[in-house]
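Hi,

Here is the structure I said I would pass on. Have a look at it first, and my notes follow underneath.

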Amino acid sequence: MIDLNLLRLVPILAKEKNVTRAARKANITQSAFSHALSRLREQLNDEMFVRTRNGMEPTPYAASMIPVIENALSKLDSATRGKGQFDPAQDPHTFYIGAVDYFEFMYMPALTAKFKTLAPNVRLSVDILSETIKFERVERGQLDAFIGVDNLQYIPQYFNKHPLISDHYVAIASVERRDLPEQLTLGHLVTEAQIHLPAVSSGADHIDSWLLSQHLYRPLTTVVQSYAVGGRVAVASGYLMCVPYRIAKELAMMMPLRIMQLPPGAPSYDLILLTHRLFDYQSALQWLINELKTAQIDGQ
């Protein structure tokens, strides 16, 4: 068994890059820190840290361990403090969130700016992973929450579901596409080449499901993994891309893109926050849930 006191030194040395400063941060002597590092190297059969011109740098193995160690220490700290109230102005905490691109694109700038003064010791770590992996990690306590898209995947009953934001789909295209009207028709959607960002990792998508209900299909020529990349491809290619309206507004401010309305009956995009009932009673997570539900996003 690895001594947890040894593991807690890994993220400290990774941050300080110097054994003397790391020992001071850990409130132990330099000799004790060096001895602990030697024990870790022996027990884990890895060099763990290598001296470079930039200081002590973690090996790939040590680097992969750091977020796991930080998450475990954070949860142990919460557990040993019992049900004490979380103080965002004082308490250091890292929240691990699995999310879709919409959340990272629209929420992270606003939350980071707000937390800079409201919760200066709080850090958000966002993973863009498949829904299956997100659900599994939330169940194991490795992710605090999962932010996904409603009505596109099965949600187990032991998850609590919190609506976050509702948006509507529009189309974007290069400003050079002057041949396209301000409101597209179904004919445009089934004939115009399009860029696709899957709403969920399974490939399920609101627009495709809506068209399929009418026995229609759209020509998808390019699949991307982020809205920003999709916007750039739209500018370069002249292809259409269907995106939520708030995303479209942000992209149009950054790139030469125009926004067009979709035909009547187009579906909505509903973002939801999912937490596990085993863990979401914790005061820190309750605070985060409230901050996410009350976050002011442009146009909300």
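**Strand pairing and salt bridges**

Let's start with one pair of residues: Ala99 sits opposite Ile147 of strand E5. Keep in mind as you read that this is a predicted model.

That pair belongs to the contact between strand E3 (residues 93-99) and E5, which run parallel and are joined by three bridges. On E5 you will also find pairing with strand E11 (residues 268-276), this time antiparallel and over four bridges. Two of the residue pairs there are Gly148 opposite Ile272 and Ile147 opposite Leu273. So Ile147 turns up twice, facing Ala99 and also Leu273 in E11.

How many of the residues of E5 are buried? Five of the five in this strand (residues 145-149) are, so E5 is largely enclosed by the rest of the structure. Ala145, Ile147 and Val149 point one way, Phe146 and Gly148 point the other way, and all are buried.

E11 has a similar story to tell. Eight of its nine residues are buried, so E11 too is largely enclosed by the rest of the structure. Besides E5, E11 pairs with strand E6 (residues 159-174): these two run antiparallel, with nine bridges between them. Within that pairing, Lys161 has Leu274 of E11 as its bridge partner.

Now for the charged side chains. Side chains of opposite charge can pair when their charged atoms come close. There are 13 salt bridges in the structure, and here are some to click on:

- Lys17 and Glu57 meet at 3.1 Å, N to O. This pair links distant parts of the chain, 40 residues apart: Lys17 is in the loop between helix H2 (9-16) and helix H3 (19-26), while Glu57 is in strand E2 (residues 55-58). Lys17 is partly exposed, at 29% relative accessible area, and Glu57 is partly exposed at 24%.
- Arg41 and Glu47 form a salt bridge with their closest N and O atoms 3.8 Å apart. Glu47 is partly exposed at 46% relative accessibility, and Arg41 is partly exposed at 22%.
- Arg177 and Asp179 form a salt bridge too, with 2.9 Å between the closest N and O atoms. Is each partner buried or exposed? Asp179 counts as exposed, at 53% relative accessibility, whereas Arg177 counts as buried, at 15%. Salt bridges with shared partners join Arg177, Asp179 and Glu192 into one network.

Cheers

Key. Residues are numbered from 1 along each chain as its sequence is written. This is a predicted model: local features need pLDDT of at least 70, side-chain atom pairs count only at pLDDT 80 or more; totals for chains, interfaces and linings use all residues. Side-chain values use heavy atoms; hydrogens and water are left out. Buried means under 20% relative accessible area, exposed over 50%, partly exposed in between (1.4 Å probe, protein chains only). Two strands pair if DSSP finds at least two bridges between them. A salt bridge is a side-chain nitrogen of Lys or Arg within 4 Å of a carboxyl oxygen of Asp or Glu.
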